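Q: Please take a close look at the ligand and its surroundings. I am new to this structure, so go step by step.

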Amino acid sequence: MFLWKRARSLEGKVAIITGASSGIGAASARAMARAGIDLLLVARRRDRLEEVAASVRALGRRTYVVVGDVSDASHVAMVLDEADRHFGKFDIVFSNAGYGMERPVHLMEDAELRAMFEVNFFSSVALLRESAIRLRKAHRPGHLLMCSSCLSKFSMPDHGAYAASKAAQEAICRAMRFELARDQIEVASVHPVTTTTEFFNSSSIRSGTKGGEVPDHAPKWLIQSPDVVASAVVSCLRRPRSEVWTSHVVRLSSALFTACPWILDLVLRHQAKRQRIRQGGGRSP
Ligand SMILES: NC(=O)c1ccc[n+]([C@@H]2O[C@H](COP(=O)([O-])OP(=O)(O)OC[C@H]3O[C@@H](n4cnc5c(N)ncnc54)[C@H](OP(=O)(O)O)[C@@H]3O)[C@@H](O)[C@H]2O)c1
């Protein structure tokens with residue numbers, strides 16, 4: 001079977017990116033602009049969004065910002081209406097806003113768990129679902145993506161809730177991909193590995209732990225810049241596929257872990273031990 005698809009032109013397409021004020025979202029905005037895409041950038045911090053918008057305009061593309069919290073009930077309609085108002089259409093939606101929290105599941109408050117799922121999972125589903133409804137109604141093709149994580153395939157100690165929200169994203173994208181195929185609407189999940197963004201800083205503030213730009217236990221060879229993820233996202237827009245991975249090693253390891261869960265158990269037991277030593281040993285409260 002011939003699997004190599006001809007690259008699609010992206011010139012003149014319109015994309016909506018949530019979580020566009022920093023990290024992977026901001027890098028994706030610039031990468032999409034370089035590919036000829038106009039942009040609607042969404043996040044809560046206006047000043048940071050305006051900076052990203054200025055860098056996108058410098059690349060010659062039309063760009064508007066929408067300030068809002070993805071977990072607000074009115075958010076989806078507002079964002080899609082703004083895309084219609086400024087561009088008269090949208091072709092691509094990258095639901096990328098999300099955050100992490102480093103804490104054992106039994107120590108998380110119910111409200112913390114639900115808030116994380118609200119932002120990482122439910123708001124992504126709401127945006128992609130309404131986008132699909134509007135694209136179908138307008139008889140337009142489209143491309144819908146969610147930023148999941150490599151942790152969707154293997155949950156790690158202290159990241160259980162986050163990994164669960166990312167696995168839920170992957171599962172729903174997989175089903176939507178085939179539900180919407182006949183409408184020429186592509187759906188994909190994106191699975192970055194450790195990426196140098198504000199993610200770890202905001203996660204450590206939220207978790208009340210010591211933090212830095214990236215976790216000090218992450219192997220150096222596994223650390224990527226957001227530009228690497230952004231370029232993989234644009235490559236998926238040109239040649240659609242179900243999952244976007246930025247590390248072959250991690251992707252293959254996840255297949256091995258699925259086939260032999262006991263190997264993953266060994267790896268995670270070792271990691272949990274190192275984590276306990278880093279945190280000064282002892283039982284969690
Ligand atoms: N960095 C990594 O190693 C890594 C690995 C795998 C997956 N990911 C995923 O990649 C995505 C992007 O994260 P990042 O690494 O680029 O981190 P980041 O730099 O912290 O970016 C997170 C983005 O999400 C936005 N955001 C967070 N909560 C929001 C809310 N309630 N409403 C609207 N926007 C919100 C933030 O904007 P405002 O604060 O301005 O609202 C920011 O633009 C996330 O879904 C994350 O789970 C990251």
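A: Start with one polar contact. In the side chain of Asp69, an N or O atom sits 2.9 Å from a nitrogen atom of the ligand. This comes from a predicted model, and the distance is computed from its atoms.

Next, turn to oxygen. An oxygen atom of the ligand lies 2.7 Å from an N or O atom in the side chain of Thr197. Asn96 takes part through its backbone: one of its backbone N or O atoms is 2.8 Å from an oxygen atom of the ligand. So far, then, Asp69 offers a side-chain atom to a ligand nitrogen, Thr197 offers a side-chain atom to a ligand oxygen, and Asn96 offers a backbone atom to a ligand oxygen. How much of the ligand does the protein cover? On its own, the ligand has 880 Å² of accessible area, and the protein covers 95% of that.

Now widen the view to the whole shell. It holds 29 residues around the ligand. The closest are Ser21, Arg44, Tyr162, Thr195 and Thr197. Thr197 is thus on that list and also makes the side-chain contact described above. By type, the shell divides into 12 nonpolar, 12 polar and 5 charged residues.

Which helices contribute? Helix H1 (23–34), helix H5 (160–179) and helix H6 (199–207) each supply at least two residues of the shell. Two of these, H1 and H5, can be followed outward to their packing partners.

Take H1 and its partner H2, residues 46–57. Their axes are 9 Å apart, at an angle of about 15°. That angle is under 35 degrees, so H1 is roughly parallel to H2. The crossing of H1 and H2 is right-handed.

H1 also packs against H7, residues 226–238. Here the axes are 8 Å apart and the angle is about 50°. H1 and H7 are therefore oblique to each other. Their crossing is right-handed.

Finally, follow H5. It packs with H4, residues 110–137, at an angle of about 15° and with axes 9 Å apart. H4 and H5 are therefore roughly parallel to each other. H4 and H5 cross in a right-handed way.

Definitions and conventions
Residues are numbered from 1 along each chain as its sequence is written. This is a predicted model: local features need pLDDT of at least 70, side-chain atom pairs count only at pLDDT 80 or more; totals for chains, interfaces and linings use all residues. Side-chain values use heavy atoms; hydrogens and water are left out. A residue is near a molecule or strand if one of its heavy atoms lies within 4 Å of it. A polar contact is a pair of N or O atoms within 3.5 Å; within protein, one must be able to donate a hydrogen and the other to accept it, and residues adjacent in sequence count only if both atoms are side-chain atoms. Accessible areas come from the Shrake-Rupley method with a 1.4 Å probe; for residues, only the protein chains shown count as cover. Helices (H or I, at least four residues) and strands (E, at least two) are DSSP runs, numbered from the N terminus. Ala, Val, Leu, Ile, Met, Phe, Trp, Tyr, Cys and Pro count as nonpolar, Asp, Glu, Lys and Arg as charged, and the others, Gly among them, as polar. Axes are lines fitted to C-alpha atoms, for helices over the stretch in contact, and angles run from 0 to 180 degrees between N-to-C directions. Angles under 35 degrees count as roughly parallel, over 145 as roughly antiparallel, 65 to 115 as roughly perpendicular and the rest as oblique. A crossing is left-handed if the near helix is turned anticlockwise from the far one by less than a right angle, and right-handed if clockwise.
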